[in-house]
Amino acid sequence: MKKKKKKKKKFNKYMIISCCSVLAVIGIWYFCINILHLKQETVFPGPFTVAKTFVQKMTSKVPDGATLPTHLLESLKVVLLGYSLGVLFGVPAGILMAWSKWVDRFMRPLFDLIRPVPGLAWIPMFILLFGIGIMPKAAVIFLSTSVACIVNSYTGIRQTKQEHLWVGDVFGFSNRQKLFRIAIPTALPMIFTGLRVAMGAAWMASVAAELLASSAGLGYMIQQGRYASKASLVFVGMIMIGLVGLIFDAILHWLEIKVAKGMNAE
Amino acid sequence: MNEKVKETMISAICAVISIGAFLLLWWWGTHFTTLSKLMPDPVTVFSSLIEYCVGTVGKCSLIVHMLNSLRRVLIGFLLGSLVGISLGLLMGRYMLARAIFNPIFRFIRPIPPIAWIPISIVWFGLGEQAKIFLIFLAAFANTTLNAMTGAMSVDPEIINASRMLGAKERQIFTTIVIPAAVPSIFAGLQVGISSAWASVVAAEMIKAQNGLGWTIQAGMDNNNMTQILAGIIMIGVVGFLLAYIMRKAEEVMCRWNKSGR
């Protein structure tokens, strides 16, 4: 009992240090920008300017023609479209490649050709092919997502223990039963890792695509903020991008704990 | 043994068939469908890839563009991984360091390096610094996280044993924690190098005068699909080589740790 209490106290001490360090960073930030004026606010805005811009941007349409929620929705729409298509294609493709020798033999060489190219590098090609609407972005996100999903579900299925498959054989499982009752449950944690990695990649690809050629979305907003030399707007956009990424990751992590319960999910 | 040789033979034949089929489909698509208006056929792409390597794209040859990109990646990656690994090890070993840096790190990490591009241009201008800063961030985020997990998961029994034998805190850190974290650090470096490579391409696409990212971006601006495809192939080849070198380095330096990657 005493030991437990001590541990808790120690934990609290570090919590206080953490809070202090965050406050110290904000304090130094404020001190350097707003009191010492080391940098101009147009180049490096102070913390309160950023907060103020954030609140204003919720309703204001200056300088890029839409409010923050509109931009956010625009980005989300594209990401979710490309991501869900990518997952729907990537996970089954990865499982199939790992399960069937013949699919593996034919698909793998092609896949190995595409894999080393970062998803972002396809953006110019897709823009030329599809114009600058929702299509090229969705295509880039689809590609980044499916690569991450394929890699992870492939490794996941390959981790299935031979002994477990033998047990399946002993009980007279058909090939399909072995896949659905043994291999896929074994691979679930890896598949979820893939989903999370893919979400990060998808979110990054969408921001990059919006930076390059777009008329809405968070990436477009920060690019416009730079053109209008409103650094505070760029900060707001970056924080928003980071936050949304975190939220997505938390949702997927929660799903993983729910779905892959007891399958060595942390 | 014979079985193994047979298996490699079959795989090789299948690989040739599938890649051949892909190229044939591409060739057919560009010759007999409306795709021909947009896409060059594979023969054009490969012959101009060689042409670009020998001749020029923009101001210099494709090889020089590649070297420019590589230089940026290597400088940024070295700086980023050095800072990242040392910070990560400290954060993994010492509760105090973790309490101080972790909240800030956790705030910075989820922002993808790409999102830093506009602000880095505002801060550093259009020169090399902005790009190196981005690659620094990309390498930093991944290596810090992995070095931290590596240092945190050191077997406490080993640390206690060494303490019993009279090791000082500094000795524990240098002779036990650091070597034990090496496999995990390498995992971070692997992710870091591909992330850094993707970031340099993105940074060059948005603002640069040379580099592979510039090549594909300029191809888009001039409506030159051949140049884009040649650039993409080059980016893929270099990305593959970087990952391969990293994997080999890991094999050599972590020989005891056969994780079977």
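Helix axes here are lines fitted to C-alpha atoms over the stretch in contact, and the angles run from 0 to 180 degrees between N-to-C directions. With that in hand, take helix α4 (residues 101–114) of chain A and α1(B): their axes come within 8 Å and cross at roughly 60°. That makes α4(A) oblique to α1(B) (under 35 degrees counts as roughly parallel, over 145 as roughly antiparallel, 65 to 115 as roughly perpendicular, and the rest as oblique).

A word on the source: this is a predicted model, where local features need pLDDT of at least 70, side-chain atom pairs count only at pLDDT 80 or more, and totals for chains, interfaces and linings use all residues. Residues are numbered from 1 along each chain as its sequence is written, while chains are lettered from A and ligands numbered from 1 in the order in which they are written.

**Chain A overall**

Chain A has 10 helices and 0 strands, where helices (H or I, at least four residues) and strands (E, at least two) are DSSP runs numbered from the N terminus. Its radius of gyration is 24 Å, whereas a compact globule of 266 residues would come out near 18 Å; the radius is taken over C-alpha atoms, and the globule rule is 2.2 Å times the number of residues to the power 0.38. The C-alpha trace of chain A spans about 75 × 70 × 30 Å along its principal axes. Of the 266 residues of chain A, 39% count as buried, meaning 20 or more other C-beta atoms, placed from the backbone, within 10 Å of the residue's own.

**Domains**

An automatic or database assignment supplies the domain bounds, and the centres are taken over C-alpha atoms.

| Chain | Domain 1 | Domain 2 | Distance between centres |
|---|---|---|---|
| A | residues 1–38 | residues 45–259 | 34 Å |
| B | residues 1–39 | residues 42–253 | 32 Å |

**Where the chains meet**

The contact takes 47 residues from chain B and 39 residues from chain A, with two residues in contact if their C-beta atoms, placed from the backbone, lie within 7 Å. The largest share of the chain B side, 9 residues, comes from α10(B).

Back to that oblique pair: α4(A) passes α1(B) in a right-handed crossing. A crossing is left-handed if the near helix is turned anticlockwise from the far one by less than a right angle, and right-handed if clockwise. On the chain A side, A:R105, A:F106, A:P109 and A:L110 do the meeting, and their partners in α1(B) include B:C14, B:A15 and B:F22.

Helix α5 (residues 123–130) of chain A packs on α10(B) at about 150°, with the axes 9 Å apart. The two are therefore roughly antiparallel. Here A:P124, A:M125 and A:L128 of α5(A) make the contact with B:M225, B:I228, B:L229 and B:I232 of α10(B). This crossing of α5(A) and α10(B) is left-handed.

**Inside chain B**

Helix α10 (residues 225–253) of chain B also packs within its own chain: its axis and that of α8 (residues 169–206) of chain B come within 10 Å and cross at roughly 170°. So α8(B) and α10(B) are roughly antiparallel too, with a right-handed crossing. Among the residues meeting there are B:F186, B:L189 and B:W197 in α8(B), and B:L242, B:M246 and B:M253 in α10(B).

Helix α7 (residues 156–164) of chain B lies largely in the open, because the number buried among its 9 residues is 0. Just after α7(B), B:G166 takes a positive phi of about 90°.

Note on methods:
A residue is buried if 20 or more other C-beta atoms lie within 10 Å of its own, exposed if 12 or fewer, and partly exposed in between; C-beta atoms are placed from the backbone.
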